[in-house]
Amino acid sequence: METTSLHGCGWPEPIVPVQILSNSGMRSVPPRYIKPPSERPSGSIITSTNDPNFSIPIIDLAGDVDTPQHRQIVVEAIGDACKNWGFFQVVNHGVDIDVVKRMRGAWREFFDLPLDEKKIYANSPVTYEGYGSRLGVEKGAILDWSDYYFLNLLPSDLKNLEKWPKMPSYLREVTEKYTCELMNLSEVLLKAMSSSLGLDEDYLHMAFGGSEGISACMRVNYYPKCPEPDLTLGLSSHSDPGGLTLLLVDDNVKGTQVRKGDTWVTVQPIPGAFVVNVGDQIQILSNGAYRSVEHRALANSGDDRLTIAFFCNPRGDVPIAPAAQLVGPESPAVYGQPVITFNEYRKYVRTKGASGRAQVESLSLSSSSIKLQDEDD
């Protein structure tokens with residue numbers, strides 16, 4: 001008989017996957033998923049828009065390999081997007097579309113497996129690697145309406161193949177190919193970001209730890225249908241703690257929202273595109289020039305949704321601080337001592353869960369200046 005909870009994995013309470021709750025036919029959201037009124041999709045002072053004419057920038061990377069002039073246009077567009085939005089979509093990015101389709105299909109098949117086959121890979125709050133349904137370890141926390149699968153991808157000594165699902169049979173192979181494709185795209189984007197900051201194009205690559213040190217991980221998000229989507233969120237508002245995120249959104253179902261000033265802007269899916277966003281580590285490295293912006297995921301009553309987030313991060317033991325070239329009398333350091341490593345930094349989200357921009361702002365020497373910029377957007 002199939003059990004419905006992931007018990008005894010180190011979490012403070014037994015976990016029932018949201019997919020099980022959704023498939024049960026329940027007509028109301030359980031209390032532990034109901035957000036406070038101020039955090040609900042339409043319950044805060046921050047407005048929400050689904051206007052297709054007001055969305056994050058779209059950048060065509062085809063010109064990046066064409067001529068120096070075209071590459072400069074791309075570099076400037078990426079710099080503007082990182083400065084003004086912290087988010088953009090890339091098209092004509094060179095990632096093999098067949099690999100993307102197979103990747104989506106493989107993980108859809110995994111989430112369609114019976115729970116007894118999935119819970120073999122149940123995760124714990126020690127590494128988060130595997131199949132899970134919550135972030136943070138605070139007992140009694142209000143949860144998000146989603147399940148997920150988290151994997152360490154790079155460096156190879158962090159990869160735990162025991163946590164890589166064996167079914168469907170092609171999942172491991174296509175996930176490896178997808179990793180290679182997205183690391184290549186990440187390198188292109190890191191070079192463009194470095195150049196747009198006026199740094200050597202390899203600066204961010206080296207600051208992340210160089211070819212042998214850059215880390216990468218992946219979170220596949222599954223958002224089941226929700227009976228009362230206005231009371232909860234698929235994923236709470238947060239900024240990403242890492243370096244650079246490449247999100248493969250669902251082509252058919254909207255749900256990702258980005259905060260722009262006092263507005264939650266819905267990302268308009270473009271088939272085959274990737275949504276790219278600046279993480280906290282690049283905000284620190286850029287001395288606040290580039291913005292790690294809050295974003296969230298909505299729940300949906302009519303359709304389920306699957307997204308795949310690829311995180312390109314600094315090596316865990318590398319101290320992260322503003323680039324020396326970006327600090328001077330006219331641009332004093334926004335982030336100072338103590339300098340911490342990425343491993344130390346991400347302990348916060350693994351304890352507290354998704355919680356806005358609290359972590360990155362806590363490291364600012366002048367958090368008020370960052371908040372003022374938010375208000376001016």
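In this predicted model, strand β3, residues 87-91, is joined to β11 by 4 bridges, and the two run antiparallel. Within that pairing, Phe87 stands opposite Asn277 of β11. Strand β8, residues 244-248, also pairs with β11 in the antiparallel sense, again over 4 bridges. Here Asn277 of β11 is the bridge partner of Thr245. Asn277 therefore has a bridge partner in β8, Thr245, and faces Phe87 in the pairing with β3, as strands of a sheet pair through backbone hydrogen bonds, either parallel or antiparallel.

Strand β11 itself covers residues 274-278, and 5 of its 5 residues are buried, so the strand is largely enclosed by the rest of the structure. The covering applies to both faces of β11. On one side Phe274, Val276 and Val278 are buried, and on the other side Val275 and Asn277 are buried too.

These strands belong to an open sheet of 8 strands, in the order β2-β3-β11-β8-β13-β6-β5-β4, with mixed pairing. Its edge strands are β2 (58-60) and β4, each of which pairs on one side only. Neighbouring strands of this sheet are turned against each other by 25 degrees on average, direction ignored. Helix α2, residues 68-84, packs on the sheet and touches β2, β3 and β11. The direction of α2 makes about 160 degrees with that of β2. At the β4 end of the order, β4 and β5 pair in the antiparallel sense over 3 bridges. One position in this pairing is Gly130, which stands opposite Phe150 in β5.

The loop between β4 (130-132) and β5 (147-154) holds Asp144. Its relative accessibility is 13%, so Asp144 counts as buried, the cut-off being under 20%. The side chain of Asp144 makes a polar contact with the side chain of Lys35, at 2.6 Å. Leaving aside neighbours within four places in sequence, the contacts of Asp144 are Val18, Tyr33, Lys35, Leu233, Gly234, Leu235 and Ser236.

A second residue to follow is Val100, found in helix α3, residues 97-111. Val100 is buried, with a relative accessible area of 3%. Not counting residues up to four places away in sequence, Val100 touches Val95, Tyr178, Leu248 and Phe274. Of these, Phe274 is one of the buried residues of β11. Val100 and Lys177 are 77 residues apart in sequence, yet their C-alpha atoms are 9.4 Å apart in space.

There is also an open sheet of 5 strands, with the order β1-β10-β9-β12-β7 and mixed pairing. The edge strands here are β1 (47-49) and β7 (235-238), each pairing on one side only. The twist from one strand to the next averages 20 degrees. Inside this sheet, 3 bridges join β9, residues 256-260, to β12, residues 295-297, and these strands run antiparallel. Val258 has His295 of β12 as its bridge partner.

The cysteines remain. A disulfide is a covalent bond between the sulfur atoms of two cysteines. The structure holds 0 disulfides. Cys180 has 52% relative accessibility and so counts as exposed, for which the cut-off is over 50%. Cys226, in contrast, is buried, with a relative accessible area of 1%.

Conventions:
Residues are numbered from 1 along each chain as its sequence is written. This is a predicted model: local features need pLDDT of at least 70, side-chain atom pairs count only at pLDDT 80 or more; totals for chains, interfaces and linings use all residues. Side-chain values use heavy atoms; hydrogens and water are left out. Buried means under 20% relative accessible area, exposed over 50%, partly exposed in between (1.4 Å probe, protein chains only). Two strands pair if DSSP finds at least two bridges between them. A disulfide is a pair of cysteine sulfur atoms within 2.5 Å. Axes are lines fitted to C-alpha atoms, for helices over the stretch in contact, and angles run from 0 to 180 degrees between N-to-C directions. Contact means heavy atoms within 4.5 Å. A polar contact is a pair of N or O atoms within 3.5 Å; within protein, one must be able to donate a hydrogen and the other to accept it, and residues adjacent in sequence count only if both atoms are side-chain atoms.
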